[in-house]
Amino acid sequence: MGILGFLLLGLIAGAIAKAILPGRQGGGWLVTMVLGVVGAILGGWIGSLIFGGGLAEFFDLRTWLLAILGALVVLGIYGAVTRRSHA
């Protein structure tokens, strides 16, 4: 998967993660993309540890599920850190 495909995957995975998580998360589309890309990297790493294979092709279901799972984890951590810093 190329860099543009990876950025698109991160943007969409981050947007889906924001839609799934309850509450209001801050940040615009750039923050969403960065969190999604970091989440996709984390999801690929977790997938390689557990399943022996990380992110494969752009249209592979496992790639999307791992990227969304990683984005959920990263977005949850981001929300906890930013909520704590504003209190």
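In what order do the elements of the chain run from the N terminus on? They run α-α-α. The model described here is predicted. Its secondary structure comes to 3 helices and 0 strands. Of the 87 residues in the chain, 37% are buried. Among contacts between residues at least 6 apart in sequence, 62% join residues at least 24 apart.

**Helices H1 and H2**

Helix H1 covers residues 3-20 and helix H2 covers residues 29-50. H1 has 18 residues and reaches 25 Å from its first C-alpha to its last, close to the 26 Å expected at 1.5 Å a residue. For the 22 residues of H2, the expected span at 1.5 Å a residue is 32 Å, and the end C-alpha atoms are 30 Å apart, which agrees. Beyond the end of H2 comes Gly 52, whose phi is positive, near 80°.

Burial in H1 involves Gly 5, Phe 6, Leu 9, Gly 10, Ala 13, Gly 14, Ala 17 and Lys 18. In H2, the buried residues are Thr 32, Met 33, Leu 35, Gly 36, Val 37, Gly 39, Ala 40, Gly 43, Gly 44 and Gly 47.

**Packing of H1 against H2**

Two packed helices are described by the angle between their axes and the distance between the axes. For H1 and H2, the angle is about 105° and the axes are 7 Å apart. Angles of 65 to 115 degrees count as roughly perpendicular, and H1 and H2 are therefore roughly perpendicular to each other. On the H1 side, the contact is made by Phe 6, Leu 7, Leu 9, Gly 10, Leu 11, Gly 14, Ala 15 and Lys 18. H2 contributes Trp 29, Thr 32, Met 33, Gly 36, Val 37, Ala 40 and Ile 41. By class, this contact has 10 nonpolar, 4 polar and 1 charged residues.

Thr 32, which lies in helix H2, is one of the residues in this contact. Because its relative accessible area is 8%, Thr 32 counts as buried. Leaving aside neighbours within four places in sequence, Thr 32 is in contact with Gly 10, Leu 11, Gly 14, Ala 15 and Lys 18. With Lys 18 there is a polar contact between the two side chains, at 3.1 Å.

**Residues linked to distant parts of the chain**

Which residues does Gly 39 touch, not counting residues up to four places away in sequence? They are Leu 66, Ala 67, Gly 70, Ala 71 and Val 74. Gly 39 is placed in helix H2 and counts as buried because its relative accessibility is 0%.

Ile 20 lies in helix H1. With residues up to four places away in sequence not counted, Ile 20 touches Ile 68 and Leu 72.

Leu 69 belongs to helix H3, which covers residues 61-86. Is Leu 69 buried or partly exposed? Its relative accessible area is 41%, so Leu 69 is partly exposed.

The following table sets out C-alpha separations for pairs that include these residues.

| Pair | Separation in sequence | C-alpha to C-alpha distance |
|---|---|---|
| Gly 39 and Ala 71 | 32 residues | 3.8 Å |
| Ile 20 and Leu 72 | 52 residues | 8.1 Å |
| Leu 69 and Gly 14 | 55 residues | 9.7 Å |

Two of these pairs also appear among the contacts above: Ala 71 is one of the residues touched by Gly 39, and Leu 72 is one of those touched by Ile 20. Gly 14, paired with Leu 69 in the table, is among the H1 residues that make the contact with H2.

Key
Residues are numbered from 1 along each chain as its sequence is written. This is a predicted model: local features need pLDDT of at least 70, side-chain atom pairs count only at pLDDT 80 or more; totals for chains, interfaces and linings use all residues. Side-chain values use heavy atoms; hydrogens and water are left out. Axes are lines fitted to C-alpha atoms, for helices over the stretch in contact, and angles run from 0 to 180 degrees between N-to-C directions. Helices (H or I, at least four residues) and strands (E, at least two) are DSSP runs, numbered from the N terminus. Angles under 35 degrees count as roughly parallel, over 145 as roughly antiparallel, 65 to 115 as roughly perpendicular and the rest as oblique. Contact means heavy atoms within 4.5 Å. Ala, Val, Leu, Ile, Met, Phe, Trp, Tyr, Cys and Pro count as nonpolar, Asp, Glu, Lys and Arg as charged, and the others, Gly among them, as polar. Buried means under 20% relative accessible area, exposed over 50%, partly exposed in between (1.4 Å probe, protein chains only). A polar contact is a pair of N or O atoms within 3.5 Å; within protein, one must be able to donate a hydrogen and the other to accept it, and residues adjacent in sequence count only if both atoms are side-chain atoms. The expected span of a helix is 1.5 Å times one less than its number of residues.
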